[in-house]
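Colleague: Please take a close look at one part of the model shown here, and then set that part in its wider context. Kindly state the cut-offs behind each term that you use.

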Amino acid sequence: MIPWSGRRFITILLALFLLNWLIVAIFAPAEKRIKVPYNPNFVEQVEKGNVKEISSKGDTVQGEFKKSVEYKGDKAEKFETEIPTFANDNQLSQLLTDQDVVINAESPSSRSLLETILFSFGPTILLVALFVFLMRRAAGGGRGGGGVLGQFGRSQAKRVESESQTVTFEDVAGIDEAEEQLVEVVDFLRNPDKYLRLGARIPRGVLLAGPPGTGKTLLARAVAGEAHVPFFSASASEFIEAIVGVGASRVRDLFKQAEEAAPAIIFIDELDAIGRARGGSGGVMGGHDEREQTLNQILTEMDGFDPAAGVIVLGATNRPDVLDPALLRPGRFDRRVFVQPPDSAGREQILRVHTRSVPLADDVDLAQIAQTTPGMVGADLANLVNEGALLAAKRGHDQVQRADFTDALEKIVLGAARKILLSHDDRRRIAYHEGGHAIVGMLTPGADPVRKVSIIPRGQALGVTLSTPDDDRFNYSEDELRAKIRVSCGGRVAEEIVYDEPTTGAESDIQQVTGIARGMVERWGMSEKVGFLAMAPREGQGFLLPGAEPVSEATKELIDAELRRIVDDELDHVRHLLTDNRERLDALAEALLERETLDELDAYAAAGIPREREPASA
Ligand code: ADP
Ligand code: MG
Ligand code: ZN
């Protein structure tokens with residue numbers, strides 16, 4: 001069974017067990033019975049005439065003494081003994097008859113009918129009763145009644161009061177389009193007449209969709225702080241319990257509370273936990289009943305309430321692609337707000353928000369930090385500011401300086417340095433490996449500029465070559481993808497040229513190369529032979545579902561051949577490139593061995609390659 005964490009449930013279970021134990025103790029108190037040897041004790045007692053009655057089952061004899069007997073420190077009237085198979089039965093019968101011992105036909109330990117029923121069925125009956133009870137509670141809506149489990153089907157959503165919510169739209173930056181739409185939603189709730197007068201329909205559901213860390217939850221909290229209406233906040237996973245029906249009942253309860261408090265906002269975070277497409281990549285055991293029922297209940301509730309009532313449902317998810325289409329149709333989450341990763345200007349604003357209470361030195365240029373952090377989202381930037389401040393504190397600075405931020409960024413992007421001792425040979429090999437990536441990166445048109453090369457071990461990696469684009473990238477051309485493949489191949493190829501034996505150091509490079517090549521063939525239609533067809537299932541969709549055609553054996557072979565062709569072509573190219581530039585590679589490797597970390601300018605200088613453009617960072 002699925003683990004079920006309910007303190008109440010555990011308590012009740014314990015109480016039931018206690019009850020069961022009590023019943024057994026009262027109706028069938030454990031009797032004290034001593035075990036005595038057949039000879040001499042038992043025979044002796046019979047001869048003395050101290051045995052009142054016996055009964056036997058097989059060779060086991062149980063019985064009662066007239067006066068209690070002590071054996072090995074235990075004293076009791078009841079006893080039990082084993083008759084050895086070789087004992088003389090006739091003699092024993094004679095002895096018993098002589099002493100007028102009552103010989104019972106029935107085992108004295110057998111229980112009465114009531115006892116038997118209680119013992120064998122009692123616990124089961126109790127458990128079954130408990131489950132029936134729980135089911136009925138869950139299905140019955142959980143409200144009213146108010147029995148021991150009355151709270152169970154209740155919604156666990158927290159009601160957030162505007163006054164207690166300190167986050168406002170001021171704290172959200174860099175995602176202006178999303179913010180504007182939510183400001184509008186708040187206005188709907190505050191001045192419904194303004195819209196209803198013109199016959200406009202207030203949206204029922206607003207879905208915030210976007211990558212993790214872009215500020216969806218933050219936006220919702222800002223709405224709670226600014227709307228000045230009751231705000232009910234819940235995470236979708238809170239609805240799901242092991243028992244089917246509980247989630248649905250909690251949803252019912254949540255909507256009921258919101259309607260009573262209207263105008264109000266219901267916020268359901270991580271909506272995909274319940275809202276995944278039904279019948280999709282489900283478990284084998286049909287364990288989705290609960291999720292499905294909960295989802296259905298949300299749909300029903302959203303359809304059910306009066307549009308004029310003024311309840312708006314806000315949902316957030318990282319995975320809008322896996323949501324059930326029924327959730328997205330008009331009348332439900334009909335407004336979708338995409339929260340995109342911020343651009344350079346947006347990142348600057350976010351940094352501004354997070355450095356409001358951080359003393360900054362004069363040399364800190366937030367715009368420049370924003371420029372060097374493409375791809376970072378709000379959560380990353382908040383983390384960067386915090387790491388910078390921590391570093392400054394550690395170094396005893398009064399203000400956070402530019403160097404603190406650059407070092408914090410390095411730590412975040414590359415990982416924290418690891419103290420492991422490498423042999424001279426290993427370091428040399430790593431220097432050639434990273435040097436290979438870097439030289440290929442510097443000499444390949446379309447490759448992202450090399451920002452940093454380092455042979456200091458960090459995290460899993462023994463060395464790093466960091467290349468990031470100058471601007472935010474949303475779309476890559478085939479040439480650029482091929483350039484990425486070449487740069488990833490550079491490490492292994494350099495090792496190959498200098499040493500004979502390959503090492504394990506290229507594992508993640510190989511994964512990256514394979515990933516890009518696979519994307520080109522299976523998803524982005526960049527292989528002429530495979531053509532303009534999607535060959536890989538979209539994430540979140542099972543194998544035999546619409547979206548990706550089941551791939552034929554012949555096509556699979558074709559895909560493999562194409563992957564191989566692309567990668568082999570690029571490997572070949574890189575081999576030529578590095579062989580032709582062996583002196584540059586040697587020079588860069590030497591510089592790395594000497595200085596361990598080179599940044600953009602130093603790396604180009606060490607390799608003797610002129611830089612064509614001004615670097616964004618110094
Ligand atoms: P998610 O989109 O995954 O829900 P969160 O809203 O939880 O992301 O963001 C996590 C943290 O990152 C926030 O608490 C905030 O400190 C910071 N953050 C994210 N986006 C922004 C933003 N646009 N403006 C300011 N801070 C942000
Ligand atoms: Mg979130
Ligand atoms: Zn590598």
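Modeller: The account below begins with the metal site and then turns to its surroundings.

This is a predicted model, in which local features need pLDDT of at least 70, side-chain atom pairs count only at pLDDT 80 or more, and totals for chains, interfaces and linings use all residues. Residues are numbered from 1 along each chain as its sequence is written, chains are lettered from A and ligands numbered from 1 in the order in which they are written, and side-chain values use heavy atoms, with hydrogens and water left out.

The zinc ion (ligand 3) has as donors His433 (NE2), His437 (NE2) and Asp509 (OD), at 2.0 to 2.1 Å. Donors here are N, O and S atoms within 2.8 Å of the metal (3.2 Å for Na, K and Ca), and sites may look incomplete because water is not among the atoms. Along the sequence, the donor residues follow the spacing H-x3-H-x71-D. Helix α16 (residues 424-443) carries both His433 and His437, 4 residues apart, about one turn of the helix; helices (H or I, at least four residues) and strands (E, at least two) are DSSP runs, numbered from the N terminus. His433 counts as buried because its relative accessibility is 6%, and His437 is likewise buried, at 7%. Buried means under 20% relative accessible area, exposed over 50%, and partly exposed in between (1.4 Å probe, protein chains only).

Ligand 1 offers a second site. Its surroundings comprise 15 residues, the closest being Ala173, Gly213, Lys216, Thr217 and His354, where a residue is near if one of its heavy atoms lies within 4 Å. A backbone N or O atom of Ala173 is 2.7 Å from a nitrogen atom of ligand 1, and a polar side-chain atom of Lys216 is 2.7 Å from an oxygen atom of ligand 1. From the side chain of His354, an N or O atom lies 2.8 Å from a nitrogen atom of ligand 1. On its own, ligand 1 has 560 Å² of accessible area, and the protein covers 81% of it, by the Shrake-Rupley method with a 1.4 Å probe. Two or more residues of the shell come from each of α7 (216-227), α12 (344-354) and α14 (378-394); α7 gives the most, with 3 residues.

As for the wider setting, the protein chain contains 21 helices and 14 strands. Of its 618 residues, 43% are buried.

Conventions:
Polar contact = N/O pair within 3.5 Å; in protein donor to acceptor, adjacent residues only side chain to side chain.
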